[in-house]
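Please find below my notes on the model, set out as numbered points. They move from the main sheet to the surface and then to the charged pairs.

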Amino acid sequence: MPVSDEKAEYAVKLNKLLDTYKRVMFCTLDNVRSQQLHDVRRGLRGKAVLLMGKKTMQKKIISLRAEGPKATALDANLKKTLVDEEHLSGNLAMLFTNASVADVEEVMKKYRVQAPARVGAISPVEVIIPAGNTGLEPTQTSFFQALNIGTKIAKGTVEIVADKKVLSVGDKVDSSTAALLQKLKISPFFYCVEVVSMWEGGVLFDKEDLNVTDASIEAAVLSGIQNLTALSLGSGVLTELSFSHVVVDGFKNLLAASVESDFVFTEFDAATTRKNIKEGKVAAAAAPAKAAPAAAAPAKAAAAAAPAKEEEEEDFGMGGLF
């Protein structure tokens, strides 16, 4: 069956991209506008190539590539992943690149577009209507009542009493919610080209795998080192991780023994340290002693003033007869 020139050119382009780049990222294009897509293409120029097309044609080209005389193990693996396992389906675009996922997503997020909640759309985020004055007339309270949102009338306008979550992740937007968000001029959704998986070296990485960064790996390794060190110290089994801590604890014991005795060693000047410690103890003991007289002075003054007050009251009570 003859193949059109357009399909032949597309096959040449796809095979060339597979030969040139080592990574194939699969990107979702849901709710992405055409102008937004053009901006992403322009931003990725020199870093990546975004290819779209019919999935049946792409699968056919990948299958023929895997069955060709120059097919490699990676070609067979790509066919198994995309064609046999039906991974290449839906509104996905293929992005060919040698750059990291972080570099590609940085460009995509740069062209993220804010959009209102339309009827029938699936919410990608939680949507919370904040408490406060809405500026709407009291006749608009029916929208709030339909969504069980507490309101009151303040200064002739509708005021929301408390924050109210109207959408959770995965919820479908109904007509009441869409109308209310539109009246409040809230555009809660942000859409952009998003990487959902990546194929490299015969392995398919999903979204959760792609979220692993150098920082998260470093944090996990440091946490493991801390746990192993604590286990070594707690069990008394000396390891390379706990050796430095044991040496420091031993040196502290030597310092304590030197302070309380005449034992002296070259790494520590016991006489000077004992002098500083004694001076510190004397200063600490003197501080409460100084505070005690200062606290006693007001008490003495109050005690001295009390009899004088009683005498005045007695004289006043006798009516001045004596």
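1. In what order do the five strands of the open sheet lie? The model, which is a predicted one, places them as E2-E3-E1-E11-E12, and the pairing is antiparallel. Strand E2 (48-51) and strand E12 (203-206) are the edge strands, each of them pairing on one side only. Neighbouring strands of this sheet are turned against each other by 25° on average, with direction ignored.

2. Within this sheet, strand E1 (residues 23-28) and strand E3 (residues 92-97) run antiparallel and are joined by six bridges. For a reader who wishes to check the register, Cys27 is a convenient marker, as this residue stands opposite Ala93 in E3.

3. Two helices that pack on the sheet deserve attention. Helix H4 (residues 73-84) touches E1, E3, strand E11 (194-200) and E12, and the direction of H4 makes about 140° with that of E11. Helix H5 (residues 101-110) also packs on the sheet, where H5 touches E1, E3 and E11, and its direction makes about 155° with that of E11.

4. Which residues does Asn77 contact, once its neighbours within four places in sequence are left aside? Asn77, which lies in helix H4, is in contact with Trp199, Gly202 and Val203. The C-alpha atoms of Asn77 and Val203 are separated by 8.4 Å, although the two residues are 126 residues apart along the chain. Asn77 has a relative accessible area of 23% and is therefore partly exposed, since buried would require a value under 20%.

5. On the surface, Val212, Ile217, Val221, Leu222, Ile225, Leu228, Leu231 and Leu241 make a nonpolar patch of about 690 Å². Helix H9 (residues 214-235) gives the most to this patch, with six residues. Leu222 has its place in helix H9, and because its relative accessibility is 44%, Leu222 counts as partly exposed.

6. The structure holds 10 salt bridges, and one of them is formed by Arg42 with Asp39, whose closest N and O atoms are 2.5 Å apart. Both residues lie in helix H2 (residues 34-43), where a spacing of three residues corresponds to about one turn of the helix. Is each partner of this pair buried or partly exposed? Arg42 counts as partly exposed because its relative accessibility is 44%, whereas Asp39, with a relative accessible area of 15%, is buried.

7. Lys79 forms a salt bridge with Asp84, and here the closest N and O atoms are 3.2 Å apart. The relative accessibility of Lys79 is 18%, so this residue counts as buried, a value that may be read against the cut-off of under 20%.

8. The side chains of Glu126 and Lys165 meet in a salt bridge at 3.6 Å, N to O. This pair links distant parts of the chain, as Glu126 lies in the loop between strand E4 (113-115) and strand E5 (127-129), while Lys165 lies in strand E9 (residues 164-167), 39 residues apart. Glu126 counts as partly exposed because its relative accessibility is 47%, and Lys165, with a relative accessible area of 42%, is partly exposed as well.

9. Finally, the charged residues are not confined to isolated pairs, since Asp19, Arg65 and Asp75 are linked in a network of salt bridges.

Definitions and conventions:
Residues are numbered from 1 along each chain as its sequence is written. This is a predicted model: local features need pLDDT of at least 70, side-chain atom pairs count only at pLDDT 80 or more; totals for chains, interfaces and linings use all residues. Side-chain values use heavy atoms; hydrogens and water are left out. Two strands pair if DSSP finds at least two bridges between them. Helices (H or I, at least four residues) and strands (E, at least two) are DSSP runs, numbered from the N terminus. Axes are lines fitted to C-alpha atoms, for helices over the stretch in contact, and angles run from 0 to 180 degrees between N-to-C directions. Contact means heavy atoms within 4.5 Å. Patches are made of residues with over 30% relative accessible area and no salt bridge: like charges are joined within 9 Å, nonpolar side chains (Val, Leu, Ile, Met, Phe, Trp, Tyr) within 5 Å. Accessible areas come from the Shrake-Rupley method with a 1.4 Å probe; for residues, only the protein chains shown count as cover. A salt bridge is a side-chain nitrogen of Lys or Arg within 4 Å of a carboxyl oxygen of Asp or Glu. Buried means under 20% relative accessible area, exposed over 50%, partly exposed in between (1.4 Å probe, protein chains only).
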